[in-house]
Amino acid sequence: MQILVTGGAGDVGRYLVQDLCYHGHQVRVLDRALSFLDNPVSSQVNLFGGDLADKELVTRAVDGAEAVIHLAWSFSDDPLDIFGGDLVGHINLLTASAKAGISHFIYTSTATVYGRATSRPVLEDHPCLVGEARKPLYALGKFAAEELCRQYYREQGLPVTIFRFWWAFGEEIGGRHLRNLIRAALHDDPIQVPAAAGGTFVSMADLALACRLALSRPGAAGQTYNLGSLYLTWEEIASRIIELTGSGSKLQVVPPGEWKGPVFLNEVWELSWDKASRELDYQPVFTGDQGRKAFVKALAKCINKVRATEKKH
């Protein structure tokens, strides 16, 4: 199958491109930053360098493709970037895909569209309280992108599947809050985390699996699915960091109502992927003990990167 991946030069995109190639697909990558041009992934990959705002480029990239996996997003907090850039490119891609008769369009959204988790676990029919999100403009932009997908499905018959997930990890994992915890451990500073807070992580391997499953199931069109591999608390993550760094940091678990640190850390994002299991036969590989082992390996690589940066300073 000829598959176009937008944002294929990013962390998730690079993993997905390699996975699709491994499973025998021909892949096109459309990205502003083709960082792997000097080291091509495979002869199965065709590269399109540029922006989704370029209608002609988008049309060329879509032409001849059978499916689209849309990952590209600026992650900017600037409303002009979100509504004048990300969503304009999103519309260009949806329009070109509908005109080309794309057989399946997968859009990777975010759990942030739920705004604030009012139930546990969070199901796909949870209200989208975007105005209460920690980053409301980001949440609004992603929710608008979802609504556009649904509109193109209803009005133009574009077979769209939407995936929502919280935090993806592969061989490595990033994130500002995670790096801050690691820095504290490297300096033997006390580490505070809120009690019972955490989130559902998804491995890139499981995300790639979900994409392949959706592409093979016409019934996934018009559906929204949560994805995840395992739920981890910040207490567990911080304990692992202390262990991996050999830190002398003392772990302090703070009751949620007394938490004074970053709001992000005090949130509980437990996503249910039962719908994906029922309808897509999605069974994450990196769950339970295996998922924890994979997460710890990714965490160790993140620690090594932070340690190297700290030594430079």
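Okay, let's jump straight in with a pair of side chains: Arg150 makes a salt bridge with Glu146, and their closest N and O atoms are 2.7 Å apart. Before I go on, please keep in mind that this is a predicted model. Back to the pair. Both residues sit in helix H4, and because they are four residues apart, about one helical turn separates them. In general, an α-helix has 3.6 residues a turn, so residues three or four places apart point the same way. Glu146 counts as buried because its relative accessible area is 0%.

Now for a salt bridge that reaches further along the chain. Lys305 and Glu172 meet through their side chains, 2.8 Å from N to O. This one links distant parts of the chain, with Lys305 in helix H9, residues 288-312, and Glu172 in the loop between S7 and helix H5, 133 residues apart. Lys305 is exposed, at 52% relative accessible area, while Glu172 is partly exposed, at 35%. And our opening pair has company: Glu146, Glu147, Arg150 and Arg164 are joined into one network by salt bridges that share partners.

How many salt bridges are there? The count comes to 14. One of them is between Arg32 and Asp51, with the closest N and O atoms 3.4 Å apart. Here too the partners come from distant parts of the chain: Arg32 is in the loop between S2 and S3, Asp51 is in the loop between S3 and helix H2, and they are 19 residues apart. Arg32 is exposed at 60% relative accessibility, and Asp51 is partly exposed at 30%.

So what about a charged residue that goes without? Take a look at Glu124, in the loop between strand S5 and helix H4. Glu124 is buried yet has no salt bridge, and the nearest side chain of opposite charge, Lys275, is 5.6 Å away. A polar atom of the Glu124 side chain does lie 2.8 Å from the backbone nitrogen of Asn226. Beyond its sequence neighbours within four places, Glu124 is in contact with residues including Tyr114, Arg164, Thr224 and Ser272. That same loop between S5 and H4 also holds Pro121, which is joined to Arg120 by a cis peptide bond, with omega about 0°.

Let's move to the strands, and to S9. Is S9 enclosed or open? Six of its six residues are buried, so S9 is largely enclosed by the rest of the structure. As for its partners, S7 runs parallel to S9, with three bridges between them, and Ala168 stands opposite Val202 there. S13 is parallel to S9 too, joined by two bridges. S11 runs antiparallel to S9, with four bridges. Gly199 in S9 is a nice one to click on: it stands opposite Trp269 in S13, and its bridge partner in S11 is Leu232.

Next, helix H1, residues 11-22. At 1.5 Å a residue, its 12 residues should span 16 Å, and the end C-alpha atoms are 17 Å apart, which agrees. Its buried residues include Leu16, Val17 and Leu20, and among the elements covering the buried residues are strands S1 and S2 and helix H6. Just after H1, Gly24 takes a positive phi of about 90°.

Last, two backbone oddities outside glycine. Phe75 has a positive phi of about 60°, in the loop between S4 and helix H3. Ala196 has a phi near 70°, in the loop between strands S8 and S9. Phe75 is partly exposed at 49% relative accessibility, and so is Ala196, at 47%. That's my tour, thanks!

Definitions and conventions
Residues are numbered from 1 along each chain as its sequence is written. This is a predicted model: local features need pLDDT of at least 70, side-chain atom pairs count only at pLDDT 80 or more; totals for chains, interfaces and linings use all residues. Side-chain values use heavy atoms; hydrogens and water are left out. Buried means under 20% relative accessible area, exposed over 50%, partly exposed in between (1.4 Å probe, protein chains only). Lys and Arg count as positive and Asp and Glu as negative; His and the chain ends are not counted. A salt bridge is a side-chain nitrogen of Lys or Arg within 4 Å of a carboxyl oxygen of Asp or Glu. A polar contact is a pair of N or O atoms within 3.5 Å; within protein, one must be able to donate a hydrogen and the other to accept it, and residues adjacent in sequence count only if both atoms are side-chain atoms. Contact means heavy atoms within 4.5 Å. The expected span of a helix is 1.5 Å times one less than its number of residues. Two strands pair if DSSP finds at least two bridges between them.
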